[in-house]
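Me: I've got a model open and want to talk through how it's put together. Mind if I fire off some quick questions?

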Amino acid sequence: MQIQLYADRVLLRNLRHSDWNDFLHLHLNEAVNQYIRPVESESAINTKFNQRVSPWLFDSGEWLSLAIERHDNQQFVGLIGFRCDDLALKRAEVGYLITPNQQGMGFATESLRTIVDWGALQFQMHKFIGICASSNIASLNVLQKVGFIVESTLRQHTCIEGTWFDDCYLGLLAAQRE
């Protein structure tokens with residue numbers, strides 16, 4: 001499925017093989033991954049990239065990863081996507097990674113709003129889920145700006161490099177998206 005979604009300042013598009021270096025640097029960046037997972041090996045990242053650059057099927061349970069690219073200079077901003085978490089319940093989990101030099105500019109919020117709207121219309125989604133560490137204030141703010149509501153917090157739910165994090169589970173009903 002070829003995807004190109006236009007927002008005000010960014011284009012969301014399928015990953016291309018030419019995105020490998022940006023994908024690799026994003027996944028190797030400790031600051032980007034500090035609340036998500038330990039930095040993986042280049043081999044593991046390559047395996048992930050090959051899966052994400054392959055054709056995607058909604059009901060596969062795999063992540064759809066789209067590159068976020070600025071309109072004004074075609075610069076790589078990061079990645080955004082979702083995966084069908086439960087086909088029968090029409091529920092999907094969303095996720096995004098933004099390069100450090102593009103953070104704080106509203107690109108994640110704009111991209112998340114765009115992919116949620118597209119997913120709701122394209123696949124008749126009922127609900128979107130966002131999961132992030134409670135201490136990841138920037139990500140919590142992005143989700144909440146798009147209309148996600150904190151539904152639960154799982155205490156000391158994720159351990160990354162010896163540090164325990166509380167995970168916030170946020171939900172957005174497709175019918176209530178802004």
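Me: Let's start in the sheet. Is S5 mostly covered or not, and how many of its residues are buried?

Reply: This is a predicted model, to be clear from the start. S5 is mostly covered, with six of its eight residues buried.

Me: OK, zoom out a bit. What's the strand order in that sheet?

Reply: The order is S1-S2-S3-S4-S5-S6-S8-S7. That's an open sheet of eight strands, and the pairing is mixed.

Me: Which strands stand at the edges?

Reply: Strand S1 (4-6) and strand S7 (149-160). Each has a single partner strand, so one side of each is left without a neighbour in the sheet.

Me: And by how many degrees are neighbouring strands turned against each other?

Reply: On average 25 degrees, direction ignored.

Me: Back to that S1 edge. In what sense do S1 and S2 pair?

Reply: Antiparallel, over three bridges, with S2 covering residues 10-14. If you want a pair to click on, tyrosine 6 stands opposite leucine 11 in S2.

Me: Which helices pack on the sheet, and what do they touch?

Reply: H1 is one of them, and it touches strand S4 (76-86) and strand S5 (91-98). The direction of H1 makes about 75 degrees with that of S4. Helix H5 (residues 137-145) packs on the sheet too, touching S5, strand S6 (127-133), S7 and strand S8 (163-173). For H5 the angle is about 160 degrees, taken against the direction of S6.

Me: So S5 is in contact with both H1 and H5. How many bridges does S5 make with S4?

Reply: Eight, and the two strands pair in the antiparallel sense. Leucine 79 stands opposite leucine 97 in S5.

Me: And with S6, how many bridges and which way do the strands run?

Reply: Four bridges, and S5 and S6 run parallel. There, valine 94 stands opposite glycine 130 in S6.

Me: How many residues sit between the strands in the S4 and S5 hairpin?

Reply: Four. Have a look at lysine 90, which lies in the loop between S4 and S5. Its phi is positive, about 55 degrees, although lysine 90 is not a glycine.

Me: Is lysine 90 buried or partly exposed?

Reply: Partly exposed, because its relative accessibility is 30%, and the buried class stops under 20%.

Me: Which other non-glycine residue has a positive phi?

Reply: Glutamine 124, with phi near 50 degrees. Glutamine 124 lies in the loop between H4 and S6. With a relative accessible area of 49%, glutamine 124 counts as partly exposed, since exposed needs over 50%.

Me: Switching to helix packing. At what angle do H1 and H3 cross?

Reply: Roughly 130 degrees, for helix H1 (residues 20-28) and helix H3 (residues 42-53). Their axes come within 10 Å. H1 and H3 are therefore oblique to each other, as roughly antiparallel would need an angle over 145.

Me: What's the handedness there, and which residues make the contact?

Reply: H1 passes H3 in a right-handed crossing. From H1 you have Trp20, Phe23, Leu24, His27 and Leu28, and from H3 there are Glu42, Ile45, Asn46, Lys48, Phe49 and Arg52. By class, that contact of H1 with H3 has six nonpolar, two polar and three charged residues.

Me: Now H4 and H5: what angle, and how far apart are the axes?

Reply: About 40 degrees, with the axes 9 Å apart. That makes H4 oblique to H5, because roughly parallel is kept for angles under 35 degrees. H4 passes H5 in a right-handed crossing.

Me: Which residues meet in the H4 and H5 contact?

Reply: Ala108, Thr109, Leu112 and Arg113 in H4 meet Val142, Leu143 and Lys145 in H5. Sorted by class, the contact of H4 with H5 has four nonpolar, one polar and two charged residues.

Me: I'm curious about threonine 109. Is it buried or exposed, and what does it touch?

Reply: Threonine 109 counts as buried, because its relative accessibility is 11%. Leaving aside residues up to four places away in sequence, threonine 109 touches Val142, Lys145 and Val146. Its place is in helix H4 (residues 107-123).

Technical notes. Residues are numbered from 1 along each chain as its sequence is written. This is a predicted model: local features need pLDDT of at least 70, side-chain atom pairs count only at pLDDT 80 or more; totals for chains, interfaces and linings use all residues. Side-chain values use heavy atoms; hydrogens and water are left out. Axes are lines fitted to C-alpha atoms, for helices over the stretch in contact, and angles run from 0 to 180 degrees between N-to-C directions. Angles under 35 degrees count as roughly parallel, over 145 as roughly antiparallel, 65 to 115 as roughly perpendicular and the rest as oblique. A crossing is left-handed if the near helix is turned anticlockwise from the far one by less than a right angle, and right-handed if clockwise. Contact means heavy atoms within 4.5 Å. Ala, Val, Leu, Ile, Met, Phe, Trp, Tyr, Cys and Pro count as nonpolar, Asp, Glu, Lys and Arg as charged, and the others, Gly among them, as polar. Buried means under 20% relative accessible area, exposed over 50%, partly exposed in between (1.4 Å probe, protein chains only). Two strands pair if DSSP finds at least two bridges between them.
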